[in-house]
Structures are given as structure tokens and as C-alpha cells.
Amino acid sequence: MYIVKRFITMLVTIWVIASLTFLIMKLIPGDPFASDADVLPEEVVENMRAKYNLDEPIPVQYVLYLKNLVMLDLGPSIQSETRTVNDLLADGFPASATLGIQAIVVALIFGLLLGIIAALNHNKFLDYASMIFAIVGISVPSFILAPLLINFFAVKWGILPVASWGSFQHSVLPTLALAVTPLAVVARFMRSSMLEVMNQNYIKTADAKGLSSFKIVVSHGIRNAILPVVSFIGPLFVALITGTFVIEKIFAIPGIGKYFVDSIFNRDYPVIMGTTVFFSTILVVTLFLIDISYRFIDPRIKLTSKGD
Amino acid sequence: MSRLLDVNNLKVNFKTYGGEVKAVRDVSFHVDKGEVVAIVGESGSGKSVTVQTIMGLIPMPPGIIKGGSIKFQGKEILGVSKRELRKVKGSKIGMIFQDPMTSLNPTMIVGKQIAEGIIAHQKLSKKEAKIKAIEMLKLVGIPNAEERYNQYPHEFSGGMRQRAMIAIALACNPELLIADEPTTALDVTIQAQVLELMKDIQKKTDTAIILITHDLGVVAETAQRVIVMYGGMMVESGTVYELFENPRHPYTWGLLNSIPDVDGPEKKKLIPIEGSPPDLFAPPKGCPFAPRCKFAMDICVEEMPGNFEIGEGHLAKCWLNDERAPKVEQVFASEEEKAIAVGSEK
């Protein structure tokens, strides 16, 4: 019952996002052909507007847009005449998603590990070392880190390709560049969460049972400490798999990151709408899945429609 | 009776930003096989730190063991390796904590929390440990034990959780059970049930118990011997009978005076112990209770009293027991009468 209700809320959320994006876009003055209007004859511009239904009243455009959206048709791209938004996303998403998933796996494994090690060595050398690494990781932007990685691993030592996409080797450097910041964030989260858990009374109970330190950390510490981290993994995951403008640009990766930025400069309505709706759909679905996964991590949470 | 636990001259400090707190200062006591020993004293008197040191549960840092020895069954367990201590804790010494609401892991089924201690100490398979854990749940009086085995702590009431904690502590048939204020966080009716259960199990299994409590009524009912702690020190110790009949430390008098007497024929005014506990950052060089003591003499502030032996196993750390000191026990007795008189006037 809860799941059904939650699912409907999810659809409503996506509809609200799509409508708001549509509205905001129409509020911005001008349209995709505003710059062409100076050089082209008026009739030509009129014709082009008509082709993309831009001459219709806004409510009609909105209804047309929603109709297509329900059919999962995001419309043609205005910029590239031969391709639809669906094509753009279908072409670019695999690369972006592969990169994003690799980055999140690296960030989670090493971030959690680093956080746990730091917490267990609270106020000792390993704690300080991990947290210095984390602060550097958070503060160094990826556009600095990426060229540095390229410089050493590709140019100086020549063990990995400089850029482009194709094999696993190609993905190593962008994955690292992309993973460092979320890794550092996860590590800091996990550290503070773990510190809190290790001071709980039930850890003392486990200790009094005569369990080994390893057993205490693994079966009593981590599972409780990971809860607050899970809620933050969702948005992070979505942000990483939907492509990143900077990393994809630097490494020349054919992902979807660039469309988020380019489409706005070109006032390419269908692409703006498409990428936004695509992004928010993935986000909302991921949050939905994470909510459900809580049930398995924390038994105190029951999937009921009532709050109690 | 054979000696089970022997604590000698234990000193524990805590390092803080404000300096070192001397939480336990020279505490010595012993527990014999099958005996119930109560430790009483106000908050901050060092009761919990003392027993947690026995179990090696004091985090170090900030805790520092300044000296002393703890012998369990004749073997030193203070300062031994974690691995060595693990052979004792959980298997030969079990512990129950004050707050059952937070002492169980919220994300693990209760049965598994009992079974994991059994698996760690006894060479049993998971299946055998489960059978043993269900047996323990039955022993502590939890109905539908098989079903309860698979439930999480939040599905248990407070009293049930404390029962589960007792099951965890007793799972490996320990020789000694340490109960750190096991009933403080519970309802009065549940308190009585849990105490009854502990007494019952004590009789059945002949497990020795160290019972930390604020409740002198509980002491009188369950313990054979009492240790009174104040300011990180043991100020008086003796059999329950001796201590209630012939208390020899003004702090013990204060404690006894502050028990409400609901059964008595007359209304009796409660007599509080005025003042606040000593600053353990810089404890006074004399008796820690001297600033609050009505009978304090010059020497009390100047010099730490020794342990005066009052009778067989009855010790009091108070100068009033020196032969040169004025006899004030009569004053304590007359205070009690005065209090009754004050109460009946109203």
C-alpha cells in the first residue's frame, strides 16, 4: 500500500517538475530563433516556429508537450535537425552512466573504508591523515584534478590514455577525477556517523559479551552507522550517472553532460526539457528505491502508509 | 567461601581538557563465590567506573589506570591484553547495564544478540547457539521465546529488554554478574519483577552478583554485603546487617536518613545531605566528605582517614572511629529521633 502511494507521489513529482521547467522556459524572453530573426526573412522564421509548434498559444504547447512526454517522446532537437532528444540521450547516457557508476563504486568503497578507519583511530594519526585527504578532496575542483591526473598518468608516465572513450583504460582517469570529491564527502559522513555509533551503549554491550573488536565494528557498528550515509547516496548517485559537464569535456567523453549546458545557450527547448525531465525522473526513482531499501537496513522503519 | 574477585587499590583517572579527573581513588573490595555485593553511592562517586574497569570497558584514552590490581579467580585481569580479557568477559563475567532502551543493537534481532556471545565463547554451531538462546529467553521469563527470538529490540518493552539483557549476560553461565543500576530506568512495578528475576536466577545458578544501585531498599533485600562509595573512594563496607544496624560513616548515616519511610507510624521528614560532591579534578587532601560533614573535625580536612576496622569485615574510612574522637553515634541516633519528632509536629 505504501509503495503504491509512494509511486503515485513519484509520478506527481515528475509532472510538477516538467510543468515548472516548461513555465520557467517560457518566461525567459526570446526563443530558439531569436538570433536568426535578424538575418533571415520573416517568413522563414515563421515557418520554423510553426514546425516546432512555437506559434501556438502557450497552453496548447503545454498540452502537446505533456502528450508527447506521456508517450516517452521528448521531441526533436532544434539544434541538430536530424536527431531527436531521445536519440541524444540514448547515445550519450551509456557513457555517462558507466562513468558515474564506476565513480560511485570507487567513492563508496574507499569513502566508507576511509571514514571507518578514521573513526576507529579517533584523534590519532590515521584519523588526521584521512581527514586531511578528505578536506583536500572536497576543496580541489575536478577541473584542477583532471589535468593533474592526465599530466602524470598519461603524459609523464604514459600508463593510461590521455582522453577519449572506448576501453576500460580510457575510463580510469575520469573515474578517479570524478570520484575524489564524493569519496571525501562519504568519508567525512561515515566518520562522524561511526564515531557516534561507537559511543552507543549497545557497543558497550557487545564489548561486554567478549566479542572481538572486528566483530563489534562489523556487526554492530557499520550497519548502524551507514544509515545516515544511505540517504545522501541517492542524490549523489544521480548527479554522477547523469554526466558531468566538466569531466566529460576534459576527457572528451561522449556523454550527456554537455547537453545540460549547451541546450540552455542554444535555447533548445526540447533538449532543456528532455534533460531536465530525464534527470529528475532518475532522481525521483532513485530516492524511491532508497526509501524502500531503508526497510531492509533499519528494521524500525516499516513500509506503512501511516506515520506510526 | 572461595574468593572470586579481588580488587585492590584500584585507581582510575580520566584525561579531560580541564585536567585529570580522579574518578576512582584507591578502591579495594572482594566478591566471594555466590555472594551478592551491593555498591551504593551518589552519581559520580565512581561506582560505574569501578565495575567498567573490571570489564575493560573504559575507553583508553581518555581513561588511565593509575594503579591497583583486579584478580578474577586468582588471575590478574587488569592490564592484560584485550584477547586475554575476552576469555573472561562475557563468558565468566556477564554485565547488565542501566538503560535497556539503548543497550541493545536496534538493527539486530534480539535472539542473535544473545546467540553471538554464546558462539564467541562456546564451541557451538549457529543452530545450537540458537537453541541455547531460546532457552535463555525462556529462563528470563519471556513468553513465546521462539517468536521473540526473531524480533528486534523496538518490538520489546523496557522490562522485556532488560530481561533480554539479563539473558545476554547469563548466556554463558558466568561466575559473576555485574548489574550496573539494572532497574533505574524501569517502572517501579517492572523494577520489582526484574529484581525478583535476578534473585531467582542467583539462587538457581549460584552466580555471584555485584549490584550497583541507588536504592537502599533493594540493597537490604538482595545483598549480603554493601560497599558505600563517595568521591571515588570506598567510605564504608560491611555486611548488610552491620551497615544498617551500626553504620560508622556520616555519609552512610546521611544515606540512611534520606530513605523515605512509608510504612512508619509517624510522618518523618526526609533529611537531605547538604552540599555537593567533591571536585574530582582537585580532590581535597583530607576526607572527601569533610566539607559536607556535620561532625567534621580539624584533622578531617588535613589528613585522609585510614580504614578503621569496626568489626569482622566492617570497615569505615572516618576519623570519628579513632579512639581519640568524640563519640557521635549517639548524635546520629538522636537526630533520627528528632526527625521523627519534627515530622509528627506537622
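Student: Which residue in β4(B) does B:Val12 stand opposite?

Tutor: Welcome to this predicted model! Let's start with the strands around that residue: β1 of chain B covers residues 3-16, and β4 of chain B covers residues 63-72. The two pair in the antiparallel sense over eight bridges. Across from B:Val12, in β4(B), stands B:Ile65.

Student: Which strands of chain B stand at the edges of the sheet, each with a single partner strand?

Tutor: Follow the order of this open sheet of four strands, which is β2-β1-β4-β5 with antiparallel pairing. The edge strands each have a single partner, so one side of each is left without a neighbour in the sheet. They are β2 (19-32) and β5 (75-76) of chain B.

Student: How many helices and strands are there in chain A?

Tutor: Good thing to look at next! Walking from the N terminus, every element you meet in the run is written α. The count for chain A is 13 helices and zero strands.

Student: Which helix of chain A gives the most to the largest nonpolar core?

Tutor: That core has 142 residues, and the ones touching the most other members are B:Ala133, B:Ala167, B:Ile178 and B:Ile210. The helix you want spans residues 168-198 of chain A and gives 14 residues to this core. That is helix α7.

Student: Which residues is B:Ala133 in contact with, leaving aside its neighbours within four places in sequence?

Tutor: B:Ala133 is one of the residues that touch the most other members of the largest core. With the sequence neighbours set aside, its contacts are B:Gly111, B:Ile114, B:Ala115, B:Ile118, B:Tyr149 and B:Ala171.

Technical notes:
Residues are numbered from 1 along each chain as its sequence is written. Chains are lettered from A and ligands numbered from 1 in the order in which they are written. This is a predicted model: local features need pLDDT of at least 70, side-chain atom pairs count only at pLDDT 80 or more; totals for chains, interfaces and linings use all residues. A nonpolar core is a set of buried Ala, Val, Leu, Ile, Met, Phe, Trp, Tyr and Cys residues joined through C-beta atoms within 7 Å. A residue is buried if 20 or more other C-beta atoms lie within 10 Å of its own, exposed if 12 or fewer, and partly exposed in between; C-beta atoms are placed from the backbone. Two residues are in contact if their C-beta atoms, placed from the backbone, lie within 7 Å. Two strands pair if DSSP finds at least two bridges between them.
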